[in-house]
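Colleague: Before we turn to any particular feature, I should like to learn how such a model is read. Could we begin with the coordinates in view?

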Amino acid sequence: MRHLISPLDFSVEELDTLMDLANDIEKNPEKYAHVCDGRILATLFYEPSTRTRLSFESAMNRLGGKVIGFSSAAASSAAKGESVTDTIRMASCYADICAMRHPKEGAPLVASLHSSIPVINAGDGGHQHPTQTLTDLLTIRSLKGRLGGMTVGLCGDLKFGRTVHSLINALVRYTGIRFVLISPNELRIPSYIRDNVLEAGHIPYTEMENLEDAMPELDILYMTRVQRERFFNEEEYIRMKDCYILDKAKMALGKEDMCVLHPLPRVNEISTEVDDDPRAVYFRQARYGVYIRMALIMTLLEVSPC
Amino acid sequence: MLNISGLEEGIVLDHIPAGKSMDIYKHLGLGHLDCQVAIIKNARSAKMGRKDIIKIEGGLDTVDLNVLGFIEHKITVNIIRNGEIAEKKTLRLPKKITNVIRCKNPRCITSIEQELPHIFNLTDEEHKIYRCMYCEEKYK
């Protein structure tokens, strides 16, 4: 029995197989409509989530399975003081697979150590969010036809953004990746990613503050939100805030086949005028999130079409 | 020269950096042992200038060498049998340590689930970096 706790739990080859399956699901959804008939997914969400929980529910429903669960700690026995260990033992009796989101880092790992069903980490605090990373990889591979040999721009809050850290860790396993790290000085990539991942792996990267300067060279632009409260002073925020809002003028500087991704929710960092640009793929990305979760559920349950 | 009687059977922890013997005494739980334990502080050492030494009467099972390896892996461990050094153990940084140090990350699951063991993995031997198994926070 396998779990998915970290984005690196699967090898590059296993990820390829998983993404091949996701692409086949996209092309032939009817072939997979009943592969999980009679199976139950437990969504154990200790904190509110819209997209991830709905994406998991949509994935299981599209496979013919059923979903049970809770969507906040207040609605679960955690409110009575039940441990994660006990909750997963209980859920193992009710369901065949579980997706867990928890505000505390490492909670899904604890669950996996005591579970008799596969556990998927659906986000544990600021630590890991592996299905978002798988979604990002599938989106890039599906739309660019490859995961190596490209320049990837990561823009916004690179210090606290867990999706950015996970994506860097996942992409450095492919050859010919170059990163352009675009952020205000306060929100630069943490030193442990710069030193232990990029420098140690001899991965080419440049750091810059201005998005416009970076635009012409990017194959992928991965946007994240820059929050006012992350700045140490208001003056600096006002000076920088417009720099990280992607609008039509900045899009005009980008390559014709560039793809713009965003883990969503978007607030104001991507102007709505960009939504109609064919290079804006963040809503398609959400769709790929369902396909990759379908492929993941099938893989962990070891089911395949008849 | 201070004279402390030799051991017939037991362990001598030698080359402890001066001043660290009480930390080791505490971490190894030597206060809970019924056997004789001698702590020698600031002994003269040709190699180190000053060093601490701990002598523990009894078998090897009285000391968790994993814990010792984490605290100070350059310590020499001499096993004494029949009054002589029968064996010298080399300490290594343990790959995993359980319930020796605690995760201080307030966002870690160990902060709310009191009965979870605090487990740290060695992630960088050169820089002696241990990370919490659950949240991967570096131990400082």
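Modeller: This is a predicted model. Burial is a suitable starting point: buried residues make up 44% of the 306 residues in chain A.

Colleague: How does the radius of gyration of chain A agree with that of a compact globule?

Modeller: One sets the value beside the one expected for the chain length. A compact globule of 306 residues would have a radius of gyration near 19 Å, and chain A has 20 Å, so the two agree. Along the principal axes, the C-alpha atoms of chain A fill a box of roughly 55 × 45 × 40 Å.

Colleague: What does the secondary structure of chain A come to?

Modeller: Chain A has eleven helices and nine strands. Of the contacts in chain A with a separation of 6 or more, 78% join residues 24 or more positions apart.

Colleague: Which domains does the assignment give for chain A?

Modeller: Domain 1 comprises 7-128 + 289-301, and domain 2 comprises 131-274. Their C-alpha centres lie 27 Å apart. Domain 1 of chain A gives 18 residues to the contact between them, and domain 2 of chain A gives 15.

Colleague: Which elements give two or more residues to the domain 1 side?

Modeller: They are helix H1 (12-27), strand E4 (119-124) and helix H11 (282-301) of chain A. By class, that side has eleven nonpolar, five polar and two charged residues.

Colleague: How many residues does the contact between chain B and chain A take from each?

Modeller: Eleven come from chain B and eleven from chain A. The chain B side has six nonpolar, two polar and three charged residues.

Technical notes: Residues are numbered from 1 along each chain as its sequence is written. Chains are lettered from A and ligands numbered from 1 in the order in which they are written. This is a predicted model: local features need pLDDT of at least 70, side-chain atom pairs count only at pLDDT 80 or more; totals for chains, interfaces and linings use all residues. Two residues are in contact if their C-beta atoms, placed from the backbone, lie within 7 Å. Ala, Val, Leu, Ile, Met, Phe, Trp, Tyr, Cys and Pro count as nonpolar, Asp, Glu, Lys and Arg as charged, and the others, Gly among them, as polar. Domain bounds come from an automatic or database domain assignment. Helices (H or I, at least four residues) and strands (E, at least two) are DSSP runs, numbered from the N terminus. The radius of gyration is taken over C-alpha atoms; the globule rule is 2.2 Å times the number of residues to the power 0.38. A residue is buried if 20 or more other C-beta atoms lie within 10 Å of its own, exposed if 12 or fewer, and partly exposed in between; C-beta atoms are placed from the backbone.
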